[in-house]
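Hi,

Here is the structure I said I would pass on. Have a look when you get a minute, and my notes are underneath.

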Amino acid sequence: MDDAYVRHVELLGFEKRFFPSQHYVYMLLVKWSDLSEKLIYRRYPEIHTFHKSLKEMFPIESGEIEKKDRIIPSLPAPKWLDSHRSTETRQSTLTEYCQSLINLPPHISRCKLVCSFFMVRPEDENPPAPNPLKRNETFVVSRDKTRGTVSEISGPIILDSYRVIADFSKTSKHEIDLRTGDMVEIVEKSPKGWWFCQCEMKRGWVPASYLEPLDGPEEAEEAEPNYAGEMYVTTSAYKAEQDDEMSLEVGESIEVIHKLLDGWWVVRKGTETGHFPSMFLQMAGKREIAELDRNNLQRRTPPPRRSTIRNAQSIHSKGRQRLSQDAYRRNSQRYRQQKGNRPAEARKTVKPKSPLQERKNHDNIPWLSGSISEEEVKKGAPIIPPRPSPELIMQRCTDNTRKKVSIRKSSSNSAS
């Protein structure tokens, strides 16, 4: 990692520890230019000490000579005594500081001091033994808010606990070995099917398919199928290894209809459906991060599916029932048929009204007579009003017309 530099720092939360005495440490996920990711723990006083050393190394950029030249972000000094409240409220400041620090010019953000500070230490991988009387408390950043804001922090929680259902042997330095029955705590759930967890003193990535929740086989956070589909583009080719999987080449456009937690999503192409590794998919239109996702593929392979795990020992008598590909195809076809019929039905039921229909309730247009059938009205046929009665004509005509009518009536009467 001599030539590697830090490309991103994400604040995951903080821990309250009780050994050797009560103190707080921040959890930082550091992403390096060689595509490795490391979880490190730092106390705020040592972060501030690093900040002062950085200012001494770059006096011009820190504004020591001219304040107008300052580009290094500010960081408040630590308090004499750290409390839970001060540690929590300081997180937004610390997040902004890390983001600004990494975005500084390369001669600062990639200097040896910055790289050495964020480099993983032995105590990060093997933290000191916890207090036997008190368990460490973890406070994580709420995922409901945007990653740029950390003003809302969850209350004191114990990370979600899962059980390992089969032995897993790591295939890279980023993963950890697990044995059947081990209890792990989940730090991060990646949609690609790899979860970052900690087991005793070990931390690393493991396939979600090897884990099951303790409460039950159901996963409440697993979404229901969405047969409307979301457009994705494949970033890597994959050849199906099982009958219910789909083979695709690079750059093919497909629709994702079911996002599963194990990282194997159900996709649709035309009338065909099948499982496909989500880590080989990129949402259509997001070109700016497509290259980064392609680089991430060099670091991990698709996680194994639950159906490929031998001797899986679940503590639940009945597991979650999965839909077959025939069911996905039938439901997709039914959804498309219903969607295709809706516009036609709308066109049949919605008909433009004729001017006479719209004016049928005005003063001089009487209501429909019984001679006009309802079927003609539904078909949109124009409505012809009945002829007004003589009394109504005399009532509404002009004086000149009345005179002419009265003259005709008198002449006809005299002639008779």
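Below is what I found in it, going from the whole chain down to single residues.

First, a caveat: this is a predicted model, so please read everything here in that light.

**The chain as a whole**

We're dealing with 416 residues, 38% of them buried. On the secondary-structure side, there are twelve helices along with 14 strands. If you take contacts between residues at least 6 apart in sequence, 60% of them link residues at least 24 apart. As for the surface, about 25300 Å² is exposed, and 51% of that comes from carbon and sulfur atoms.

**Helices α1 and α3**

This pair is where I'd start. Helix α1 covers residues 44–57 and helix α3 covers residues 91–102; their axes come within 13 Å and cross at roughly 35°. The handedness of that crossing is left-handed. From α1, the residues making the contact are Ile47, Phe50, His51 and Leu54, and α3 brings Leu94, Tyr97 and Leu101. Sorted by class, that gives six nonpolar residues, one polar and no charged ones.

**Phe50 and Phe117**

Staying with α1, Phe50 sits in that helix and is buried, at a relative accessible area of 4%. What does Phe50 touch once its neighbours within four places in sequence are left aside? The list is Tyr97, Leu101, Leu113, Val114 and Phe117. Take Val114: it is 64 residues from Phe50 along the chain, yet the two C-alpha atoms are 8.3 Å apart.

Phe117 is the other half of this story. It belongs to helix α5, residues 112–118, and is buried too, with 8% relative accessibility. Its C-alpha lies 7.4 Å from that of Phe50, although 67 residues separate the two along the chain. Not counting residues up to four places away in sequence, Phe117 is in contact with Arg42, Glu46, Ile47 and Phe50. Ile47 and Phe50 also came up above, as α1 residues in the contact with α3.

**Cysteines**

If you're setting up bonding for this one, there are zero disulfides in the structure. Cys115 is in none, and the nearest cysteine sulfur to it, in Cys111, is 6.7 Å away. Cys115 counts as buried, at 10% relative accessibility.

Why is Cys197 not bonded to Cys199? The closest cysteine sulfur to that of Cys197 is the one in Cys199, and the gap of 7.0 Å is too far for a bond, because a disulfide needs the sulfur atoms within 2.5 Å. Cys197 is also buried, with a relative accessible area of 0%.

**Some loop residues**

Three loop positions are worth pulling up in your viewer.

- Leu35 is in the loop between β2 (23–32) and β3 (37–42). Its phi is near 75°, which is a positive value in a residue other than glycine. With a relative accessible area of 11%, Leu35 is buried.
- Thr235 is in the loop between β10 (230–234) and β11 (253–258). Is Thr235 buried or exposed? At 9% relative accessibility, Thr235 counts as buried, because the cut-off for that is under 20%. Thr235 and Glu252 are 17 residues apart in sequence, and their C-alpha atoms are 8.3 Å apart in space.
- Ser324 is in the loop between α7 (290–296) and α8 (325–349). Here the relative accessibility is 38%, so Ser324 counts as partly exposed. Across 50 residues of chain, the C-alpha of Ser324 is 9.3 Å from that of Gly274.

That's what I have for now. Shout if anything looks odd on your side.

Cheers

Technical notes
Residues numbered from 1 in each chain as written. Predicted model: local features only at pLDDT ≥ 70, side-chain atom pairs only at ≥ 80, totals over all residues. Heavy atoms only, no water. Axes fitted to C-alpha atoms, helices over the stretch in contact; angles between N-to-C directions. Helix = DSSP H or I, 4+ residues; strand = E, 2+ residues; numbered from the N terminus. Left-handed = near helix turned anticlockwise from the far one by under 90°. Contact = heavy atoms within 4.5 Å. Nonpolar A, V, L, I, M, F, W, Y, C, P; charged D, E, K, R; others polar. Buried < 20%, exposed > 50% of the residue type's maximum accessible area, 1.4 Å probe, protein only. Areas by Shrake-Rupley, 256 points an atom, 1.4 Å probe, with all protein chains shown as cover.
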